[in-house]
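This briefing sets out the fold and selected packing contacts of the structure shown below. Please read the points alongside the sequence and the coordinates.

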Amino acid sequence: MKTFEKICEDNYGRIFKYILGMTGDRACAEDLTQEVFLIAYKKKRKFEKHEKPEAFLYKTAKNLVLAYFRKSKREIIMEPDENISDKEGDIFQQLCKRHEEGIEIEMYKTEVIKHLSEKNKQLYHNYYVEHQAMREIAEEMGVSEAAVRMKYVRLRKEVKRIVKDLKLGEL
């Protein structure tokens with residue numbers, strides 16, 4: 001059985017990359033990665049006895065990222081920051097800013113989806129439209145849940161690239 005320190009050492013880089021892929025923000029990823037390992041440390045006994053400690057880390061990372069996005073959404077909608085450049089931040093922030101400016105988000109969403117491969121359109125639809133759990137999607141695809149999570153990380157990167165290429169974040 002691996003020690004707490006060894007598990008953390010072996011997984012720190014992967015958790016950081018996972019969070020960075022989801023947020024697209026290096027500083028945020030660094031902060032959230034530290035938080036993941038702080039939570040693991042606080043729950044050290046439970047963590048060390050966990051059947052799959054790596055899964056515990058990824059689940060914690062996912063929950064922290066979701067909480068970060070919920071908080072960001074609230075802050076953006078309640079107090080839009082006029083000093084933030086459209087070229088900064090993630091797609092969600094860009095589209096929220098556009099919405100605040102009265103520009104139709106659905107048009108952008110439709111335009112971005114048109115540029116996705118059929119495989120990525122299906123992934124998008126299963127998770128964001130049908131609200132299927134990662135576990136269900138993995139079972140349908142006949143792959144591991146971790147593989148599906150990485151597919152969604154790559155999907156987010158693809159969406160970011162499309163938004164950049166279409167210059168949707170520029171005035």
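**Helix packing and buried positions**

In this predicted model, helix α8 (residues 134-141) and helix α9 (residues 145-166) have axes that come within 8 Å and cross at roughly 105°. The two helices, α8 and α9, are therefore roughly perpendicular to each other. The points below describe this contact, the chain as a whole, and several buried residues with their partners.

**Contact of α8 with α9**

- On the α8 side, the contact is formed by Met134, Arg135, Ile137, Ala138 and Met141, which meet Glu145, Val148, Arg149, Lys151 and Tyr152 in α9.
- Sorted by class, the residues of this contact comprise 6 nonpolar, no polar and 4 charged.

**The chain as a whole**

- The protein chain contains 9 helices and 0 strands, and its elements, read from the N terminus, run α-α-α-α-α-α-α-α-α.
- Of the 171 residues in the protein chain, 35% are buried.
- Among contacts in the protein chain with a separation of 6 or more, 59% are between residues 24 or more positions apart.
- The protein chain has an accessible surface of about 11200 Å², and carbon and sulfur atoms account for 52% of that surface.

**Helix α9 and its contact with α7**

- Helix α9 is made up of 22 residues and spans 31 Å from its first C-alpha to its last, close to the 32 Å expected at 1.5 Å a residue.
- The buried residues of α9 are Val148, Arg149, Tyr152, Val153, Leu155, Val159, Ile162 and Val163.
- Of these, Val148, Arg149 and Tyr152 also belong to the contact with α8, while Tyr152 and Leu155 belong to the contact with α7.
- Helices α7 and α9 pack with their axes 11 Å apart, at an angle of about 110°; this makes α7 roughly perpendicular to α9.
- In this contact, α7 contributes Asn120, Leu123, Tyr124, Asn126, Tyr127 and Tyr128, and α9 contributes Lys151, Tyr152, Leu155, Arg156 and Glu158.
- By class, the contact of α7 with α9 has 6 nonpolar, 2 polar and 3 charged residues.

**Asn120 and Gln132**

- Asn120 is part of helix α7 (residues 118-129).
- Its relative accessibility is 17%, so Asn120 counts as buried under the 20% cut-off.
- Apart from residues up to four places away in sequence, Asn120 touches Leu155 and Glu158, both of which belong to the α9 side of the contact with α7.
- Gln132 is located in the loop between α7 and α8, and it counts as buried because its relative accessibility is 15%.
- Beyond residues up to four places away in sequence, Gln132 touches Asn126, Tyr127, Ile137 and Glu140.
- Among these partners of Gln132, Asn126 and Tyr127 also take part in the contact of α7 with α9, and Ile137 takes part in the contact of α8 with α9.

**Met22 and Ile19 in α1**

- Met22 is placed in helix α1 (residues 4-23), and a relative accessibility of 12% means that Met22 counts as buried.
- In sequence, Met22 and Val153 are 131 residues apart, yet their C-alpha atoms are 5.8 Å apart in space.
- Setting aside neighbours within four places in sequence, Met22 is in contact with Val65, Phe69, Val153, Arg156 and Lys160.
- Among these partners of Met22, Val153 is one of the buried residues of α9, and Arg156 also meets α7.
- Ile19 is likewise found in helix α1, and Ile19 is buried, with a relative accessible area of 0%.
- The C-alpha atoms of Ile19 and Ala61 are 6.8 Å apart in space, with the two positions 42 residues apart in sequence numbering.
- Without neighbours within four places in sequence, the contacts of Ile19 are Gly24, Ala29, Leu32, Thr33, Val36, Ala61 and Val65.
- Val65 is thus listed as a partner of Ile19 and of Met22.

**Val36 in α2**

- Val36 belongs to helix α2 (residues 26-42) and counts as buried, at 0% relative accessibility.
- Val36 and Asn63 are separated by 27 residues in sequence and by 9.4 Å in space, C-alpha to C-alpha.
- Not counting residues up to four places away in sequence, Val36 touches Ile15, Ile19, Leu57, Thr60, Ala61 and Leu64.
- Ala61 is in contact with Val36 and also with Ile19.

How values were computed: Residues numbered from 1 in each chain as written. Predicted model: local features only at pLDDT ≥ 70, side-chain atom pairs only at ≥ 80, totals over all residues. Heavy atoms only, no water. Axes fitted to C-alpha atoms, helices over the stretch in contact; angles between N-to-C directions. Helix = DSSP H or I, 4+ residues; strand = E, 2+ residues; numbered from the N terminus. Parallel < 35°, antiparallel > 145°, perpendicular 65-115°, else oblique. Contact = heavy atoms within 4.5 Å. Nonpolar A, V, L, I, M, F, W, Y, C, P; charged D, E, K, R; others polar. Buried < 20%, exposed > 50% of the residue type's maximum accessible area, 1.4 Å probe, protein only. Areas by Shrake-Rupley, 256 points an atom, 1.4 Å probe, with all protein chains shown as cover. Expected span 1.5 Å × (residues − 1).
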